[in-house]
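Work through the exercises below with the structure open beside you. Try each task before you read its solution.

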Amino acid sequence: MKISKIEHLGIAVESIEKALPYYEQVLGFECYNIETVEDQKVRTAFLRVGETKIELLEPTSPDSTIAKFLETRGQGIHHIAYKVEDGVANALAECEAKEVRTIDKAPRNGAEGLHIAFLHPKATQGVLTELCEE
Ligand code: ZN
């Protein structure tokens with residue numbers, strides 16, 4: 001697959017409101033979008049960092065995967081998202097051909113109107129990996 005950059009880093013937080021002052025007032029980033037992704041049961045906040053972004057992820061329900069992550073691992077880096085230039089569907093097909101386990105079998109809609117798919121952390125050397133395209 002053809003990956004052009006790290007699109008964003010996903011960071012699990014207990015509360016976007018509590019986390020934002022650090023990112024905005026200490027690191028000097030600006031949050032330009034807060035959005036709820038209903039089917040993932042998360043609220044997301046995006047901040048630009050040069051060519052890439054930080055995505056803060058807050059659970060909107062106790063059965064959200066982010067709520068489970070916070071319970072077992074605490075706040076911290078949740079996933080890395082790469083921008084693929086030749087399409088998420090093609091990338092998933094390539095993963096299947098190379099027997100790389102994925103969480104998603106087909107691209108779905110993520111925050112910011114991106115098409116996304118997750119690869120399984122068991123197949124990615126321990127890092128939950130998201131592929132995305134605009
Ligand atoms: Zn993400």
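## Exercises on a predicted model

The model is predicted. Start with two residues, then place them in a wider picture.

**Exercise 1. Decide whether His 79 and Glu 55 are buried or exposed.**

Step 1. Take His 79: its relative accessibility is 2%.
Step 2. Apply the cut-off: buried means under 20% relative accessible area. His 79 therefore counts as buried.
Step 3. Repeat for Glu 55. Its relative accessible area is 6%, so Glu 55 is buried as well.

**Exercise 2. Find which atoms coordinate the zinc ion.**

Step 1. Look at the nitrogen donors: NE2 of His 8 and NE2 of His 79.
Step 2. Add the oxygen donors, OE of Glu 55 and OE of Glu 130.
Step 3. Check the distances. They run from 2.1 to 2.2 Å.
Step 4. Write the spacing along the chain: H-x46-E-x23-H-x50-E.
Step 5. Place one pair. Glu 55 lies in strand S4 (residues 52-59) and His 79 in strand S5 (residues 76-84). They are 24 residues apart, and the pair links distant parts of the chain.

**Exercise 3. Classify the arrangement of the four donor atoms around the zinc ion.**

Step 1. Read the angles: they span 83 to 171 degrees.
Step 2. Test for tetrahedral. All angles would have to lie between 85 and 135 degrees.
Step 3. Conclude. With angles of 83 to 171 degrees, the arrangement is irregular.

**Exercise 4. Trace the sheet and name its edge strands.**

Step 1. Follow the order S2-S3-S4-S1-S5-S8-S7-S6. These eight strands form an open sheet with mixed pairing.
Step 2. Go to the edges. Strand S2 (31-37) and strand S6 (108-109) each pair on one side only.
Step 3. Inspect the S6 edge. S6 pairs with strand S7 (residues 115-119) in the antiparallel sense, over two bridges. Arg 108 has Ile 116 in S7 as its bridge partner.
Step 4. Add the helix. Helix H3 (residues 88-97) packs on the sheet and touches S5, S7 and strand S8 (129-133). The direction of H3 makes about 20 degrees with that of S7.

**Exercise 5. Describe the backbone and surroundings of Lys 41 and Glu 112.**

Step 1. Recall the background: most residues other than glycine have a negative phi.
Step 2. Read phi. Lys 41 has a positive value near 55 degrees; Glu 112 has a positive value near 65 degrees.
Step 3. Locate them. Lys 41 sits in the loop between S2 and strand S3 (42-49). Glu 112 sits in the loop between S6 and S7.
Step 4. Check accessibility. Lys 41 is partly exposed at 33%, and Glu 112 is partly exposed at 24%.

Technical notes:
Residues are numbered from 1 along each chain as its sequence is written. This is a predicted model: local features need pLDDT of at least 70, side-chain atom pairs count only at pLDDT 80 or more; totals for chains, interfaces and linings use all residues. Side-chain values use heavy atoms; hydrogens and water are left out. Donors are N, O and S atoms within 2.8 Å of the metal (3.2 Å for Na, K and Ca); water is not among the atoms, so sites may look incomplete. Four donors count as tetrahedral if all angles lie between 85 and 135 degrees; four count as square planar and six as octahedral if opposite donors are over 155 degrees apart and all others between 65 and 115; anything else is irregular. Helices (H or I, at least four residues) and strands (E, at least two) are DSSP runs, numbered from the N terminus. Buried means under 20% relative accessible area, exposed over 50%, partly exposed in between (1.4 Å probe, protein chains only). Two strands pair if DSSP finds at least two bridges between them. Contact means heavy atoms within 4.5 Å. Axes are lines fitted to C-alpha atoms, for helices over the stretch in contact, and angles run from 0 to 180 degrees between N-to-C directions.
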